[in-house]
Structures are given as structure tokens and as C-alpha cells.
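Student: Please pick one part of this model and look at it closely. Then work outward from there.

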Amino acid sequence: MKEVELLIIGSGPAGLCAAISAARSGARVLVLERTFKPGGQLIKQTHMFFGSESQYASHRGVDIAGILLKKAEELGDRIEIMLNATAVGFYEDNVVTVLKDEKEYFKIRAKSIICATGAYEKSLAFPNNDLPGIYGAGAVQTLMNVYGIRPGDRVLMVGAGNIGVIVSYQLLQAGIEVVAVLDAAPRIGAYLVHASKLARMGVPILTSHTVKEAIGTDCLEAAIVCEVDDKFRPIPGTEKRYDVDVLCISVGLSPLNELLAMRGVEMKYVPQLSGQVPMRTENCETSIPGIFVAGDASGIEEASSAMAEGYLAGLCAAAKLGHVPEDFEERRQEYLKQLEGLRSGPVGDRIRAGMKLSELKEE
Amino acid sequence: MFEKTGVASREMVMEKFPPIERINKGPVAVVECYQKIPCNPCQTACPVGAICIGEDINNIPVRDEEKCGGCGICVSKCPGLSIMIVDGSKSPDTIEFRIPYEFLPLPEPGEKVIGLDRAGQPVCEAKVIRVMNLPAFDRTPVVTLEVGREYLYDFRNFKREV
Amino acid sequence: MRIEQHPILNFDRGREINFTFNGQPMKGYEGETIAAALHAAGVKVLAKSPEKHRPRGFYCAIGNCASCQMTVDGEPNVRTCITLLREGMTVETQEGKGRLK
């Protein structure tokens, strides 16, 4: 069995920052990444990030992945990133089972573990929602921004949150027509600067609208859209048809953290954090000492918060392993301050409420 | 309406503009940031300290029209592409706008393009003066356009004639 | 179906890879997944559902949803959205649950 000091599951913004932070303190880190490329969803983000300099604001997500990987590389052999390695089990004795290259299956035992497994996309139920041409927003980004392939010619976007609006803008940048962006909610969920970028390109954003059904035989040919009332019930007679070959579904994310539940950490359903989340301390530690969580796995937020949480979790996990840098408390306070700043405004209301419900008090 | 469409009302837009006397003196930034979100690169980028957000990064940026010289560094730094530069000092009939434009193909200097409003609807004709795509802009080119003065509060984007 | 010009990104495509889809010769690029290469070639239907034989395409493109499973080199249920192309691969539409050889 492979023995490691600190195991980090996931190499997205939270996992990479956790690895950098822990290795800086002197810990030896193994990062598991299930795909063949590190960086998580950062590698698909062509837009500039919000936040402050500490979270690389104004840099594009895809470039932030490069910055973080370079920082990780500079820490030499203290960080190993294992690609094509999926953590599939997490047991009482801190053993994580790994499937590598879809073939090799083995165990890793770690003294401490940070779960930075991110999120998965929610789906939407409507007739014919299984037709080819109906894709998750992440899939559209992957095709377009990783492989440089057009998802289609005419796209209808479902969801006016940050992802829906950003991906719509990215579609326009790739030369693809976006006929409209829908959202069942009465208000745009995205940051309004993102929505305005799209609006002034002539893409209508239709709030209080939903998809009634998709039409097509082998592939998507059209979508029927209708208005909804304040209780999200379709309003008869408001149907409109859009002839499109892509329907992009961007109706939110849910935390991906089944591994933590399997290990038996205390979990709770917190709607403000978009699903089942682990209870955790201010330092990102779960109810089981030495097991930490960071990023979307502990509740859906922006990548800027995931990075700050990663730095905090890495620092605190390393400290528990005995790697306490001289400026430990100073750094800890700095990351807490960054997180407070990112969550303190009105768009952070939900997050703050959710954090209260999922907080474990330090003993 | 803004929260339903992403299109700011004329009153909201006008509040972000400095007085016309200031615009007529020379270039100045218009920061169309209407919502408190955690973001502060405009403040960090401004070399003369003309944009203030303060301690809480959720504050809405405030631009000091006297300090701002309209250098335009903030235009390509704003992650929301919410900033443009307006300059009314060039002629009594026109305004020069500098706006971010992240699409290909880029227009050519001298080209006539269609001026669009905040809902992407055609409102006027615009003439491209310059296209700057410096390495420091990090792939957010800044296009300078000349637009009739009467469109000062309407013009916000453009599209090329097909 | 490929993006040749992009304001932000450069696509450095690897060397060409030859594979077959239902017996037809196809081309993709090294470093690309099977589903991506097929999509670029205009192939959106990757499988038929087990009971109602409804067409299936990819949905998540990150290996979560299992909607993109095809038969690759005779092996069924390969998640083509996360499996990289290899020279000479035979890729087939999967009918239903597939059969192990």
C-alpha cells in the first residue's frame, strides 16, 4: 500500500492551492486528478476572474491554472500530481482506493486528507431532454475551449446564473449564435456586469421562462419555451419555438462529496450551499480530525473563494501534521480575511447563511 | 428592469457619467458597475488612484473625475468589461469612445461600423479610429470609435457591417 | 465544426490520428477525446438506449453521466468523452447495454 503524508483529492483551484499551501509549510503532498489534465474547470474558463489580486483577479481562469501549476512545480518533489487517477473509496483507516488509467486499482493511506472534489452539474426535466444536442454547460465549454470544436451553430441557453451567462458570451467569442438565455427565476442570477456584456451583444435574457419541451428525432431540432408565473408554473399560450441545434443546460451545481459521506464525516443538507455538505470548522476541517474539505465540495461558490479556502485548508492540514510555519497565524488570518471579503457583500448573503448552518465550532 | 434584462436604464447610465463639461475637457472613465460584488481590479490597476473601492471589496467603485486622466488602463482590466473612456474634447459634434472588444475579426481603423446600445440594438453609425491590442491588455483589445454627440448615453458597443 | 480563430485561445492540435467509426475511416487529433473528434466530424449520436432505443449523445463531457458510452476496440461501455483517441481505434455505436466478447 502506498503511504503518503497529505493526500489531496482533486486538482482544481481548491486542490492546487491546498497543495501549494501545504507544501510551502513543508508537507509532502500527493494530488489525485481523475482526468488527464490538472486544473479542474479552470482550464475551460476564458474570462477574467473577479475577486482581488490575492485570488488572481483580472486573470483568465485558463491562465490561473498555469500560474498555480507553475507554483506547484517550484515546490519540487514535495508535490506529486497523479493524473488519470480517480478516488473511488474512502475508508475508516484513512485508506483511499484509487482507479488509475481505468485499469489499475490500489490503496493509498494518508495521515491527512483534503477533499477538493468540486461539483457536478444539475440537470433539468422536460420531454425529450435526452436528445443529442442537449448538453451541460460544462460540456459545451469543454468542446469549445479545450478542444476548439463548435458545439453547434445556434444555441439556446437555459440558466442565467454566472455560468450560463459566461458560457453564452464564450459561445459568441467562438463565432456561434446564441438565440436567447432563459431562466425560470424572475431575476438574473449572474453578476449583472456579465449579463450586460451579453445584452449589448444583442442576446435577449428572458427571465421567468423555461423549456417546455425539446423537439427532434435523432438530434435536437428545436425547443419550445414558455413563460412561468411567480410559482414557476408554465403559463399556457406563451409558448415560443426556437429552431436550435444546441440546448445548453446551466441550472446550477451541486457539491460533489460522496467520498466524505462514505468516510462517515458529519453531513448536512444546506440549500444555501446547494446541497449535501460536510460540517466543517473555520479551518475547513470536517467532523473527523485530519480530514479537510475545500472549494465547491463544501458548498457552491466562486473559484476565488475555492482558491482562498484551498490555501487555508492546506495551511491548517499541514500544521496538524506538525508543519507549523513561523507566520502560521498571520497567514491563517489573511486567508480568513480574504474569505470574509469575498463573502461579505449582498451576493454573499446566501453563502454566509449556509456557512452558519454547516459550521462546526472549534473545541 | 435591469435585474431582468441586464440592460441598465438611462437614469442609471447617466448617473455614472461625469458632467458634460468634464467630458469636454478630455478623456475620462465611465465605470458602469451597478452591483455590489467582490471585485477590485479597477482600483488596483489605476495608476493615479482615481478609482476607489475601499476596504470592503464589495463596494461599488467610485471614480474621481478630477484625478482620472482617461488613460484607459482599467478598461481591459475590469473582469466585467464595465468600463469605457469618453472624450468630448476632439470636436463639438462627436464623442470619442474607447471600449473593450473581445471578438474576431477586429475592425480596421477608418472602418464604418454600426453603433449599438446597451441592448445590442443599432442606434447610430460609428467610425473606428484606433484598435489597440497591447500585450498588457491581455487579449482584451480596446477600440476607439467616433460617434455623434447625441448618442453619448446610448452608444455602448458596435458590430461590423456584414 | 472546428474553431480556427479565437480571440482568447490558441488551439495547438497534435498530430492527426486515424480511427474508424462504424467501419468508416475518420480523423481526429492527438490529445482529443473520442467524443470530441466525433462531434467535430458531425457525429452526435453515440449510442442507443437499452430499452427504448432512443439516441444518446454525450451530456457532461467529464465522465460523470455515462450518456456517451460506446464500444471501442470491441469493449463496450467505454466513456468516450474522457477516453483519448489512439491510432487505429475502432469505435462503434453501442446498441443497448453492449456485449462483452
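Tutor: The answer starts with one helix, moves on to some strands, and ends at a contact between chains.

Residues are numbered from 1 along each chain as its sequence is written, and chains are lettered from A and ligands numbered from 1 in the order in which they are written. The model is predicted, with local features needing pLDDT of at least 70 and side-chain atom pairs counting only at pLDDT 80 or more, whereas totals for chains, interfaces and linings use all residues.

Take α2(A), residues 61-74. Helices here are DSSP runs (H or I, at least four residues), strands likewise (E, at least two), numbered from the N terminus. The helix has 14 residues and reaches 20 Å from first C-alpha to last, close to the 20 Å expected at 1.5 Å a residue. The expected span is 1.5 Å times one less than the number of residues.

Now its two faces. A:Gly61, A:Ile64, A:Ala65, A:Leu68, A:Leu69 and A:Ala72 are buried. They sit on the same side of α2(A) because they cover an arc of only 135 degrees around the axis. That arc is taken over the directions from the helix axis to the C-beta atoms. An α-helix has 3.6 residues a turn, so residues three or four places apart point the same way. Turned away from the buried side are A:Lys70, A:Glu73 and A:Glu74, which are exposed. Buried means 20 or more other C-beta atoms within 10 Å of a residue's own, exposed 12 or fewer, partly exposed in between, with C-beta atoms placed from the backbone.

What does the buried side of α2(A) pack against? Its partners are α1 (13-25), β3 (79-82) and α7 (303-320) of chain A. A contact needs C-beta atoms, placed from the backbone, within 7 Å. After the helix comes A:Gly76, with a positive phi near 60 degrees.

Next, strands further along chain A. β4 (85-90) and β5 (95-100) pair antiparallel over five bridges. Strands pair if DSSP finds at least two bridges between them. A:Phe90 stands opposite A:Val96. The hairpin has four residues between the strands, and A:Asn94 takes a positive phi near 60 degrees. β5(A) then joins β6 (104-115), again antiparallel, through six bridges. There A:Leu99 has A:Tyr105 as bridge partner. This hairpin has three residues between the strands, and the phi of A:Asp101 is positive, near 55 degrees.

Chain A also has an open, antiparallel sheet of three strands, in the order β12-β13-β14. Its edge strands are β12 (209-215) and β14 (240-242), each pairing on one side only. Six bridges join β12(A) to β13 (222-227). One facing pair is A:Ala214 and A:Ala223.

Last, the contact between chains A and C. Each chain gives 26 residues. On the chain C side, α1 (34-40) and β4 (55-56) each supply at least two. The largest share, three residues, comes from α1(C). That side divides into 17 nonpolar, four polar and five charged residues. Nonpolar covers Ala, Val, Leu, Ile, Met, Phe, Trp, Tyr, Cys and Pro; charged covers Asp, Glu, Lys and Arg; the others, Gly among them, are polar.

C:Arg54 lies in the loop between β3 (47-48) and β4 of chain C. It counts as partly exposed because it has 15 C-beta neighbours inside 10 Å. Leaving aside residues up to four places away in sequence, C:Arg54 touches A:Asp130, C:Lys48 and C:Ser49. C:Glu95 is 41 residues from C:Arg54 in sequence and 9.7 Å from it in space, C-alpha to C-alpha.

Technical notes
Contact = placed C-beta atoms within 7 Å.
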